[in-house]
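The following paragraphs examine how protein and DNA meet in the structure shown below. Each DNA strand is taken in turn.

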2 protein chains.
Amino acid sequence: MTEDVFKALADPTRRRILDELVERDGQTLFEICARLITNHGLGLSRQAISQHLAVLEAADLVHSRREGRYKFHDLNTEPLECIVTRWLRPDARESNP
Amino acid sequence: MTEDVFKALADPTRRRILDELVERDGQTLFEICARLITNHGLGLSRQAISQHLAVLEAADLVHSRREGRYKFHDLNTEPLECIVTRWLRPDARESNP
DNA sequence: TTGATAGGCAAGTGAGGACTTGCCTATCGT
DNA sequence: ACGATAGGCAAGTCCTCACTTGCCTATCAA
């Protein structure tokens, strides 16, 4: 489960997708493709982005809702929190009361 | 630079190494090999662990200091912080005053 | 109903990365 | 000096994964 989060974040393109979703939730596949090409110069096929979104969904970093022929994608940052807490030292560091 | 952090965290074995270092700093290569096999059943070659440590060092997640014929490895959790903050929404969430 | 739009499924290709194996260097104890 | 210990370098294998290509399904507008 949390293993998938690390794999999902390993790819640069997937991180760019999260960058786009953090600016605006509810984007469709085509919108993400367009924004990746205009904002980052990433000229990838639609199918490539679709597969990336599937990986992000499997990692629970992206939630999707289908409406008609559109499928909207929302960012979910919750799985990111356990990444840092995993390697926090038990001994008091800077921000421990 | 921060790109290397994601790549470093992508591998399960490297995450186990960080798990061992968070329990005790200053372990040598052989100590890490031994602990991986006893605590996690990971029977990898010494060279494999050495290469993993090199990746972790390149990502600045591990600092190393050489003393005589020993090389001690210390954990550095600092690069982990920017991972989560990258996708934090500007709009106030739960922990925003 | 027809055409256009939004998305999905499946197989194939190519490159990067994890791991091994073999050999070499450096430091310590006796 | 010698053997033992701790670690490094380099080439080779194998497999995962990112990406493409081709074709198929579903919804909307005219």
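Which atom of DNA strand D lies 2.7 Å from a polar side-chain atom of Arg14(A)? In this predicted model, the partner of the Arg14(A) side chain is a phosphate oxygen of strand D. His52(A) likewise directs attention to the backbone of the strand: one of its polar side-chain atoms lies 2.2 Å from a phosphate oxygen of DNA strand D. Arg46(B) introduces a base into the picture, with a polar side-chain atom 2.8 Å from a base oxygen of DNA strand D.

These three residues, together with Ser45(A) and Phe30(B), come nearest to DNA strand D among the 22 residues around it. Seen from the side of the DNA, sugar or phosphate accounts for 67% of the strand D atoms within 4 Å of the protein, and bases account for the rest.

Both chains contribute to the surface near DNA strand D. At least two residues each are supplied by helix H2 (12-23) and helix H4 (46-58) of chain A, and by helix H3 (29-40), helix H4 (46-58) and strand S2 (70-75) of chain B. The greatest contribution is that of H4(A), with four residues. Sorted by class, this surface holds eight charged, nine polar and five nonpolar residues.

Attention may now turn to DNA strand C. Of the 22 residues around this strand, the nearest are Arg46(A), Lys7(B), Arg14(B), Ser45(B) and His52(B). The side chain of Arg46(A) has an N or O atom 2.8 Å from a base oxygen of DNA strand C. Phosphate oxygens of the strand are approached from both chains: a polar side-chain atom of Ser50(A) lies 3.4 Å from one phosphate oxygen of strand C, and a polar side-chain atom of His52(B) lies 2.3 Å from a phosphate oxygen of strand C.

Which elements stand behind these contacts, giving two or more residues to the surface near DNA strand C? Chain A provides helix H3 (29-40), H4 and strand S2 (70-75), while chain B provides helix H2 (12-23) and H4. H4(B) supplies the largest share of this surface, four residues.

The make-up of the surface near DNA strand C by class is nine polar, eight charged and five nonpolar residues. Of the strand C atoms within 4 Å of the protein, 66% belong to sugar or phosphate, and the remainder belong to bases.

Conventions. Residues are numbered from 1 along each chain as its sequence is written. Chains are lettered from A and ligands numbered from 1 in the order in which they are written. This is a predicted model: local features need pLDDT of at least 70, side-chain atom pairs count only at pLDDT 80 or more; totals for chains, interfaces and linings use all residues. Side-chain values use heavy atoms; hydrogens and water are left out. A residue is near a molecule or strand if one of its heavy atoms lies within 4 Å of it. A polar contact is a pair of N or O atoms within 3.5 Å; within protein, one must be able to donate a hydrogen and the other to accept it, and residues adjacent in sequence count only if both atoms are side-chain atoms. Ala, Val, Leu, Ile, Met, Phe, Trp, Tyr, Cys and Pro count as nonpolar, Asp, Glu, Lys and Arg as charged, and the others, Gly among them, as polar.
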